[in-house]
Amino acid sequence: MMKIEHILCPTDLSPESDAALRYAIALARTYDAKLLVCCCVEPSPFMDMAARASLSRRLETALRPHTGVAHCPPTGIETVILEGDPENAIPKLAAERRIDLIVMRSRRRPVAAALLGSTAEAICRTAPCPVLVTHPQEQEWVGLTSCEIDLRRILVAHDFSNDSELALKYALSLAQEYQAELHVLHVMPVMLIPATSPLTLEKDFQRVTRLLRQAVPDEARLWCQVRQIIKSGQPYREILAYAEEHQIDLICMGVHGAGFSMRALFGSNADRVLRQSPCPVLIARPLKPAISAAA
């Protein structure tokens, strides 16, 4: 099982942003992890002790619906007020506090606005740990009132890179914890298919099937149902279509270093899945628990 001892949940204190608190609290309870809830505000000379105290009270009010008498809250919850740009301040806080998982909300953005990116996407680029991103109007797997977790189907987008191997490890741990189905999907780029002979295609298909089988440890098949799927086409479209068709609860995927590059005007596959996913998305990143003050 993956080790999660510290979870960070940023919120801007809006009802939509606070929805991520349900997931953060539920996961902190499952893994007996400490939960750090932060609110990031712009630096201001008027941010005195009274203003900070008011923000702290608002944070506690946002937490109350998920930690009341009818719930089983995590053992430790801390709130903190950050000053600065969220895209820089949140990853820095995550590194300083040795956070193992960031849980946050992303708003559905219109196409024109999506070209400018979002706070969640920006944090996924630089976070020193995995990031779980939830969206409004999506497949839910944490109870609205009880914070009970009902995670049944997990999809891993696997391209045999180190990033996707990391995503698979997180998915395997979650599948084991919640006895969920594990769907491992590989998408063969469609542009390579017309120039490939049927015999070569058959060999490629067999090779990918074998590699997918080897990627999942044999013991995992003892405690969860594993499905291996091979598709051809544009990766993000196939990932989204499969998640929609099979009512996937969580998509796990890795991102290459250049995966979020501004060179890709319309975004990478990870960008598009993150924006359009019908369920929460876990962006797997290697843990980097410490940074220097200069960094």
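Q: Which residues of helix α11 are buried?
A: This is a predicted model, in which local features need pLDDT of at least 70, side-chain atom pairs count only at pLDDT 80 or more, and totals for chains, interfaces and linings use all residues. Residues are numbered from 1 along each chain as its sequence is written, and side-chain values use heavy atoms, without hydrogens or water. Buried means under 20% relative accessible area, exposed over 50% and partly exposed in between, with a 1.4 Å probe and protein chains only. In α11, the buried residues are A270, D271, R272, V273 and L274.

Q: Which helices and strands are included in what covers the buried residues of α11?
A: Helices (H or I, at least four residues) and strands (E, at least two) are DSSP runs numbered from the N terminus. Contact here means heavy atoms within 4.5 Å. The cover over the buried residues of α11 includes two strands and β5 besides two helices, namely β9 (250-254), β10, β5, α6 and α10 (235-245).

Q: Where does P280 lie, and is it buried or exposed?
A: P280 belongs to the loop that runs from α11 (269-276) to β10. Its relative accessibility is 0%. P280 therefore counts as buried.

Q: Which residues does P280 touch, leaving out those up to four places away in sequence?
A: P280 and I248 are 32 residues apart in sequence, yet their C-alpha atoms are 9.2 Å apart in space. Leaving out residues up to four places away, the list of contacts of P280 includes L132, V133 and T134, which fall within β5 (residues 131-134). In full, P280 touches Y23, L132, V133, T134, E138, Q139, W141, D249, L250 and I251.

Q: Which residues are buried on the two sides of strand β5?
A: Strand β5 covers residues 131-134, and both of its faces are covered. Two residues that alternate along the strand lie on each side. The buried residues are V131 and V133 on one side, and L132 and T134 on the other.

Q: In which sense, parallel or antiparallel, does β5 run to β4 and to β10?
A: Two strands pair if DSSP finds at least two bridges between them. β4 (residues 101-105) is joined to β5 by four bridges, and β10 (residues 281-284) pairs with β5 over three. The sense is parallel for β4, and for β10 it is antiparallel.

Q: Which residue of β5 is the bridge partner of I102, and which residue of β10 stands opposite V133?
A: I102 finds its bridge partner on β5 in V131. On β10, the residue opposite V133 is V281.

Q: How many residues does the largest nonpolar core have?
A: A nonpolar core is a set of buried Ala, Val, Leu, Ile, Met, Phe, Trp, Tyr and Cys residues joined through side-chain atoms within 4.5 Å. In the largest core, the residues with the most contacts inside it are I7, L27, V103, I154, L174 and L182. Helix α7 (residues 162-178) supplies the largest share of this core, nine residues. The core's total number of residues is 60.

Q: How many residues make up the other core?
A: This core lies apart from the largest one. Its members include A89, V131, I251 and V281. Its number of residues is 40.

Q: Which residues does I7 touch, not counting those up to four places away in sequence?
A: I7 is one of the residues with the most contacts inside the largest core. Its partners include L27 and V103, which are also named among those with the most contacts there. The full list for I7 is A24, L27, A28, A33, K34, L35, L36, I99, L101 and V103.

Q: How many residues of helix α2 are buried?
A: Helix α2 covers residues 20-30 and is mostly covered. Its buried residues are A20, L21, R22, Y23, A24, I25, A26, L27 and A28. Out of eleven residues in α2, the number buried is nine.

Q: Is D32 buried or exposed?
A: D32 is found in the loop between α2 and β2 (34-41). It has a positive phi of about 55 degrees although it is not a glycine. Because its relative accessibility is 53%, D32 counts as exposed.

Q: What is the phi of F160 near?
A: F160 lies in the loop between β6 (153-157) and α7. At 29% relative accessibility, F160 counts as partly exposed. Its phi is positive, in a residue other than glycine, and is near 70 degrees.

Q: What share of the residues in the protein is buried?
A: The protein has eleven helices and ten strands. Of the contacts between residues at least 6 apart in sequence, 80% join residues at least 24 apart. Among the 295 residues of the protein, the buried share is 51%.
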